[in-house]
Amino acid sequence: MSEHPTIRWTEADKERSARWRSESGAAPPKRVVIADDTMKADEAYRLACEGTALLWQGDFQNARQLLLAMSRRADRKPRKASEVAGAAFNLHRQSQSQRTRALAMILVPLDSDYTIPLRRAPDMRQACTEAYGETTSHSTRPSTNAGQVAGYGAGDGKLLSGHPSEPSVVSLRELLGLIGAHEWRKKGVEIPALGARIHPHYGVYSPVRGEYVGLVNEAPLPSTELAFDIGTGTGVLAAVLARRGVKHIVATDQDPRALACARENLARLGLSAQVEVVQADLFPAGKAPLIVCNPPWIPARPNSPIERAIFDPDSRMLRGFLSGLAAHLEPGGEGWLVLSDIAEHLGLRTRDEMLAAFDAAGLKVIGRMDVKPHHPKVSDAADPLHTARAAEITSLWRLAGARP
């Protein structure tokens, strides 16, 4: 029996099932109907909003067009205005969550080797492998053009065509996200501080907000002997420190995808000998004269794994870093906290609360560097959070132990 979640539906009066894939951890839809090229956008959107998923058996490109049409309908919903920053943020998150749920209701099948058994379906096997891992089936047969989910058995975990392993069903929106992540990984993100590109893996936050990287590249180094990079992600900050001449960096993360991503990027940059990537909950063993951390900036619940790089419920990572920092700093050492003040402008945290957290952790501020973000949403007046984004400042807080 499969240990994975299973999605079930009825087709031609027969019960069908397949493995359910969801990187966001969403449960398989309880109501599933078969849909094809005859499905109209209004009907599809109505069913999706009611919680009914559409398992697609038509042309793949038509499914993409249907998703775009549903997206336009979702965006037509009037936004509720609010003068209170925190309320505006909560309304925005609620609206985004509802939109995401509705648009995730178009489902497509995957064969056990990640081919898509639909007409005009692209070859997404490499993108799926990067996100989901290797399959047990090594077949390279092309996708069928049958336009129906012919290979899906009634819960037996095998394709009827004889392929080993499990077929699966996934949200079309998630599948398209895999394509985008695959392209990011291939092309990479240009990092001026490195004069090179960083290649993010699927599920690892891309360093597109370059201002925080620039701050780490410009702050005065207290030492070039050793540094810790806490929550390394793609490894970009560890790479910047290495290029600045820090002889040894220990970069930590808990996410296996991030660890693999960091190691690959550092190897690509020729920095593997300088940077040690280890799996750890925040701090590695020992002390260092420099400890750097860029935690998630917004104290709110993430709606998907990738959002964990942005949203930190109850500021758990921030508080964990602060509470352990003094104990891991060498005498005279510095902790660099790289943090946006967007949470303050959203009414989710006050400056006084953060300063009190420094004090409670036995830390003092010895310096601060600020920069205005320059991402596109700063000047987007149509963004529901425009007021907060326009006022946002990203800071590098230089912290030291307050107690001898």
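A contact here means heavy atoms within 4.5 Å of each other. By that criterion, among contacts in the protein between residues at least 6 apart in sequence, 68% join residues at least 24 apart. The structure under discussion is a predicted model. Its secondary structure comprises 12 helices and 15 strands. Of the 404 residues, 50% count as buried, and the protein exposes about 19,000 Å², with carbon and sulfur atoms supplying 50% of that area.

The account may begin with strand E10 and what follows it. Strand E10 (residues 248-253), helix H8 (residues 256-268) and strand E11 together make a right-handed β-α-β unit. Within this unit, E10 and E11 pair in the parallel sense over 5 bridges. Asp-253, for its part, stands opposite Gln-279 in E11.

From E11 (275-279) the chain may be followed into the loop that leads to strand E12 (288-293), and Asp-281 lies in this loop. Asp-281 is 28 residues from Asp-253 in sequence, yet the two C-alpha atoms are 6.7 Å apart in space. As to its surroundings, Asp-281 has a relative accessible area of 56%; it is classed as exposed because the cut-off for that class is over 50%.

Helix H8 also leads to another part of the structure, namely helix H4. In H4 (residues 125-132), the residues Ala-127, Cys-128, Thr-129, Ala-131 and Tyr-132 are buried. The cover over these buried residues of H4 includes helices H5 and H8, as well as strand E2 (14-21), strand E5 (106-110) and strand E6 (168-171). H8 thus appears both in the β-α-β unit with E10 and E11 and among the elements that cover the buried residues of H4. Just after H4, Gly-133 takes a positive phi of about 100 degrees.

Helix H5, which is included in the cover of H4, also leads to the surface. This helix spans residues 172-187 and contains Trp-184. With a relative accessible area of 42%, Trp-184 is partly exposed, because this class lies between the buried limit of under 20% and the exposed limit of over 50%. Trp-184 joins Tyr-205 and Val-208 in making a nonpolar surface patch of about 290 Å². Helix H5 therefore takes part in two settings: it is included in what covers the buried residues of H4, and it holds Trp-184, a partly exposed residue.

Notes. Residues are numbered from 1 along each chain as its sequence is written. This is a predicted model: local features need pLDDT of at least 70, side-chain atom pairs count only at pLDDT 80 or more; totals for chains, interfaces and linings use all residues. Side-chain values use heavy atoms; hydrogens and water are left out. Helices (H or I, at least four residues) and strands (E, at least two) are DSSP runs, numbered from the N terminus. Buried means under 20% relative accessible area, exposed over 50%, partly exposed in between (1.4 Å probe, protein chains only). Patches are made of residues with over 30% relative accessible area and no salt bridge: like charges are joined within 9 Å, nonpolar side chains (Val, Leu, Ile, Met, Phe, Trp, Tyr) within 5 Å. Accessible areas come from the Shrake-Rupley method with a 1.4 Å probe; for residues, only the protein chains shown count as cover. A salt bridge is a side-chain nitrogen of Lys or Arg within 4 Å of a carboxyl oxygen of Asp or Glu. Two strands pair if DSSP finds at least two bridges between them. A crossover is right-handed if, with the strands pointing away from the viewer, the path from the first strand over the helix to the second runs clockwise.
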